Structure formats: C-alpha cells, structure tokens
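Reader: Got a minute to go through this one with me? Pull it up and let's start with the contacts between chains.

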Amino acid sequence: LSVFTDLAFEASVAARSLADYLSGGGLRLGVTGLSRAGKTVFITALIDNLLAGAKLPVLRASAEGRIARAHLEPQPDDAVPRFAYEEHLAALSGPDRHWPQSTRRISQLRLTIEFERAARWGAKASELTLDIVDYPGEWLLDLPLLDKSYAQWSRETIEASEGKARAPLAAPWRAFLAGLDPAAKAEEDAARAASELFTAYLRKARDDVYALSTLPPGRFLMPGDLEGSPALTFAPLPLSEGQPIAPHSLAAMMERRYEAYKTHVARPFFRDCFARLDRQIVLVDALGALNSGPAALRDLENALDGVMRAFRVGRASWLGSVFRPRVERILFAATKADHLHHVSHDRLEAILRALTTRAIARAEGVGAEIDVIALAAVRATREAEIRHAGETLQAIVGVPEKGERLGGQVFDGVAEAAVFPGELPEDPQAVFAGEAIALPEADNDWRFLRFRPPIAARDAPAPHIRLDRALQFLIGDKLK
Amino acid sequence: MSEHRPRPRAFRLDDERVAVDDAPAPAAPTATIRSQGAAIPETGAAEPIDEGERAVEAAQGAGMLARWRPRLSTLVWAGFGGLVSLGLGLWMSELIENLFARARSLGALGAVFAALFLVGIVGLAIREIAALWRQSRIAELHASLARARASDDRDAARALVTRLAALYEGRAETAQARAEVAEARRAIVDGRDLIDIAERALLRPLDVKAQAEIAAAARRVSMVTAISPRAVLDMIFVVAQIVRLVRRIAELYGGRPGFLGFVKLARSIFAHIAITGGMAVGDSLVQQLVGHSIASRISARMGEGVLNGLLTARVGLSALAVCRPAPFAIDKPPGVADVAPFLFGAGKDR
C-alpha cells in the first residue's frame, strides 16, 4: 500500500509542478527555519527593502540601479491566506515596537521585481516574480516523519527521551508510559492521557531555558486548526522489534492515527510548501541553543539534518524544472547576527557550518550551490567598545527586552544598554563538547540577550546586516 | 578551560557610573563606552586568482614594478651619461663666462636662462619620479586588491578601497562614486563585496571611457592605413596613435606616465601581450584571421588596415589591463571583439 501512496504522492507533486510551470509561476523561494529562527522577520524585511527601493549595495542589480520597482501581486492561491506583511511591519515599527507573534498558520505572498537586464545589446525591461511562503517553524519537524513508520518513530522518540538532557523533562510521561500495555484493548482515555503528557514534555523541552529542537510531531506544539482531533491524539509506545501489532490494541490505534497524521498533515504540508522550491534559505537561530548548552546544540544539529534530508536538492535540468523542481542554491544563515559584535560573526558562521556539515556535504554532492552567512534581517543594535576593569571589549548597544537579565541586572525594555555577550571559541567544535543543557548564566561563557526592534527611521526600511548579500546569492543570478 | 575568556556583562547607558562617548563623564567611571562605526566582517573561503589576473601581475612585475639592478650596460650608460652632463655643465659655464666677458647684461641674461633651465630640469625630474611612484603604487594596489578579494579579507579591503578612492580624489566627476564607496566602508559589508562595490562605482565609468578610446584609435588606424598612399606614412601614424592611446589610458586610470614611466609601461604592455598571446588564440586570433581574410579579399590595403586596427586594439587592451588599479572581478575583461567589433565585419561599422 505504501508504494502506491508514494507513487500517488509523487504524481500529485509532478502535476502541481506542471501546473505551476504552465501558469508561469515565479521563482519559489523557500524560507526554512525552525520556530523562532526569524522567518517572519526575514520575509518582512526582504519585502520592505524591495518595495521601498532601498539601497542594497551588494545586490548587484540594485547597486547598478537596474531595479525599477517592486510591487506585491494579488494572492496567487485562493485557498492560502496572504502573508500579513503590513501587520508585521506595523508590529516592528509601531509605537509599541515588538517582534511579530509566532506564526500560527501558512501564509503566502507573491512579489514582482521589475528590472532591466544588463545586456550588451541594450537594456531590456524584465520581471522576476518571487513566491514566498511563511509557516510555523514547528511544522518543519514533521518532514523527517514522512519516511518513518510508527514503530521506528516510537523507538527513536523513547530512546531520545532517555538521554541525560531530556530524562528529567520526560519523567512524568515516561512514568505513565511504564504502566501502559501496548497490546491492551484500545481505549480513548489512555490515548488522550498519553498524548497530553507527551505534548507537555515537548512543550517543556522547547522552553527557552532548554532550547531543544528535535521535537516532532510539529502540530503537537502548534496545532493550528487541528486541535483536539484524533490525528493529534497519539503518542509513542514501547514496541519491541519485529513484533506484529495486534488488531484493536492500543498500539494499533496509535499507529493508525500516526499514519493519518502523516497522510493528512505532514504530506500536504510538504507538498504545498516544499516539494517545489527553486531557492532555499535556511535560517538557524544558533544563539538560543548556545545559551542553553552543548546538548541543545547537538539537538539542533539533528533537527536540521532531519529536515534537510526531506528536500530535493540538486542542479536543475529543463525537464526537471517542469516536473520535479530542485533546490539549486541553499543559503544557511545564522540569524540575529546583530546580537553580537561583527568581529564574532566569523566564529558564528563557523559554528553554523559545523551545525550543518552533514546537510552541506549532501547538497554539495548533488551539485547545489551553498553559502553560509551570519545575517540580521533587522538590525536592532549598534556597536561599541567597552573599557571595563582593565579589559577592552567589543560590545553592542541596544534595548534589551523586558525581563532579560545579565550579571544581576534585570532590564525594563526601555533603557539602552551596552552588552558584551561573551566570546565564542575559535574552534567551532568546542561548543559541542559536553552534555550540559539549560546552563545557568554563571556556568556559560556567553549569554545572548534578546533585543527589542530598533526605533524605525521615517521612510526608510530598518537597517540590516548582509540581507543584500543573502539576496544576491539567492536571486542575483535571475536579475542579470 | 585553560585560556582566559572575558565574562559576559552589560551596562545600562543611563547608569550614572558609566561614561558614554562625549556625554559628561562621572569622576571615576566603572566602564567607558565608545560607539563605533560599523565595519565589515570577513567571511568565506578563498577564491583562486585566475589565469588572466596572474598574467597581468606578471606583466606589471616585468615593467611597472621592475626593480633596478646594476648591469654592465648600466655602468657604460652611467659613465657616459655622467660625462655628457659634465660636458654640458662645462659648456654652459663657459658660455656664461664668455657672455659676461662680452657684456655684463648679456651675462646676466645667460645666467637667468641657465637658472630657468635648471629649475625646469629639476621640476621635470620630480614629475618623472612622482609619475613612477604613482605607477608602481597602482600596480601594487592591483595585486593587493586581487589578493584581498581572493581571501575575502575585510580589514585589507577597507584599507585598499580607501586608497583606491584616494587615487581619484582630484576628479570632480567621481564625487558620487567616492561617496558611495565611503558609505559602503562604514556599513557592514564583507571584504569581497566591498571591493566589488568600489570597482563598480569607481572603475566602471573609466572602463567605458578607456574602451571608447581604444575603439576610436583602432578605427582611425584602420581607416588611415586603408587610404594612406605610402607604407612608411601609415607606419608612423600607427606608432603615434598607439603611443597616444597608451598615454590616454594611463592618464585615465592614474595620471600621466611621464617619459620613464612610459618606457616602463611599454615594457609591461609588451610582456602582457607576450604572456597572453597564447591564451588569446582561443578567442581573438581566429577572429582576427577571419576578419583579415575577408577584408583582404576585398582589397589588400583594407586587409592591412584591419590588421593594424587589431594591433592597436590589442595593445590598448593590454595597456588597460596593466594600468587598471584593480583586477576585473565583476565584469569580464574586454576582448578585441568587444572594443572594436567593426573590425570583424569587413569594415562594416556600427
């Protein structure tokens, strides 16, 4: 049966690609990132800069003055909500400026850039249409599930929860699990209790203090419109290898629901958002994991690896671009680069490179172009130098969010502060050494605070760090 | 951990014990905070320096950057030159003495002329030396920019781009480009990108002018050769045009070369043509032969005109390559077909 569903799935992807190709769809830019990586802010800043015609010196077409203007197109897909660009921008620049709320559903936007081609035989007006999709980052974690059976997923999830970092968080759920017999008759109450405790464990692990990342299924964290439906009422069970699952047992019910989750949730999400991408930017918030400790970083590495495995990467061919588009260029970006001084950006990039080694090796093997940068789509800080206690420190100045604390100080979200977040190690492998998680401030060599968005300048998009470089890599070749 | 790592810390700017920039500072501040203009982080792996760029650098080394080494012929020329200038000095002093012997006023006039002559000679020498210095600086800048771009070196790029902009400080028409470069220097831009920005802003307009000069010279040469009555005349004309073209290109990119500078530049150009001769077989030589054979079938003089035009364009392009203070990075180096397409259409003009 699974062969048949796979075939049907491939066929539906190909059919949609063909329809896209015939209707003249634009360049599909995939903005990938786990939750809180900054997808919404990146998309908002990108659109804002292009619409405002801001100077982007590293984006060649912009520096050469060849971009005439950019404008938003009417929504291409009637079933998908429009990306609330205006609302997000208002949130960032309004009087009570704050980062946009975490995304709860899929939304989409189409942007057209009008530009002139720099051809030897004279300028020629041309257009590039960009399709951008925003979605809750939690859902991304569902992609690795597509290739896993219920038994495999259960085994892996239970094994992971036994790890030193997770065991205390998972204790209530695991205690409940111990008293559960997978072969017992299926009962809705047991299923619901297991699922609730499992969800509580996932939510707790995601907390800022722990900053764990590998927490599928994604809808458990951000249910969207499926809250309470049977497809979300399941949990892993301890199943022994090779043992068949008895019909009408608890395990059988769980397995059915898991498969239903894959069919009705994970697959459509993959098909609609990711199966047909031309370019991809992978936003990674390494700072949160760095705050927590080495175990959180390794967890992030696993999550990214699992997610990147799901994508179709490789050099595009003509026929392929009709039926099976591939991601030709992938940009890995460490977001929130404005939270540290630029002299540390190289080290942050080195850490990101180490985090994504496996994904990079796979993508390079099939001919995709790769780049790694430290990026801040909206730059919330400026740079300064602190002289204190005989040391000269490269620091940043900004308004820390209310409630952030460092060195015994609690910030009120109003006062500006000069912050030295600590020094990242020269060797990126050093940050992966150890088992620690949720490190208290005193035990960690660095502490990255969260800052409020910058006070908006009138008529100009917010400052950024390397947004233009990211654009040059992602769409520069289409603007030649 | 063995190494000492500074601990994370934060200071509120409204704290009374913290000194911030130019604000009135407390008596004994716990910390001093100085705002910085943002600079450019470096990233990325090294890009190899390509063959064409290596050729340009080798050519610059052979002429513009050539170090002075004593040889036997140097001894001969130094001795001879010394004797000639001594003789000249002797003759001059004798002349002035004679003039004084004849009449006091004539002698004074002679002395004034001699002084003018000396001042002029010193001035010329200074200008020559300045031109040589400028030339070698441009060649060095070229090589350093190529290296900084290849290694994406942020600090080097910032310094070099400033030097590049300083080269064109005296030219009013580059004001906007220089402002653009200065702004990019302050923003957070990586080394390679910064060099690209500077190249686009500062050098692209100059490239356009230089290529127009080459095209005009090639056109003149091919036309005059085709209609000139004597071979000797067009030989002289071609040489004069090439000399003029090289001087114009040198002037465009970095000031007058002077006499010695011109000699060094010429050496670099010949070295560049010799090195790239083999490389050019692929693109231009075949076109050259094709163009020549078509034109020569129409008329022998015309074929010669095309050949001379090609020669001029080729020399002009080599001059452009060695005089340009930065390597070609965002644009491909122009070829003969780019600057003088009219030579390949059997005299057909655009």
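**Across the interface**

Author: Sure: Arg466(A) and Asp190(B) form a salt bridge through their side chains, 3.0 Å from N to O (the rule wants a side-chain nitrogen of Lys or Arg within 4 Å of a carboxyl oxygen of Asp or Glu). This is a predicted model, where local features need pLDDT of at least 70 and side-chain atom pairs pLDDT 80 or more, while totals for chains, interfaces and linings use all residues. Residues are numbered from 1 along each chain as written, chains are lettered from A in written order, and side-chain values use heavy atoms, without hydrogens and water.

Reader: How many salt bridges does the rule find across the interface of chain B and chain A?

Author: Eight.

Reader: OK, and which elements of chain B supply at least two residues each to the side touching chain A?

Author: Strand S1 (9–12), strand S3 (31–35) and helix H6 (191–227); these are DSSP runs numbered from the N terminus, helices being H or I with at least four residues and strands E with at least two.

Reader: What does S1(B) pair with?

Author: Strand S12 of chain A, residues 417–420, antiparallel over four bridges (pairing takes at least two DSSP bridges). One of the partnerships is Phe420(A) with Arg9(B).

Reader: Switching topic: is Gln280(A) buried or exposed?

Author: Buried, at 0% relative accessible area (buried is under 20%, exposed over 50%, partly exposed in between, using a 1.4 Å probe and protein chains only). Gln280(A) sits in strand S5 of chain A, residues 279–284.
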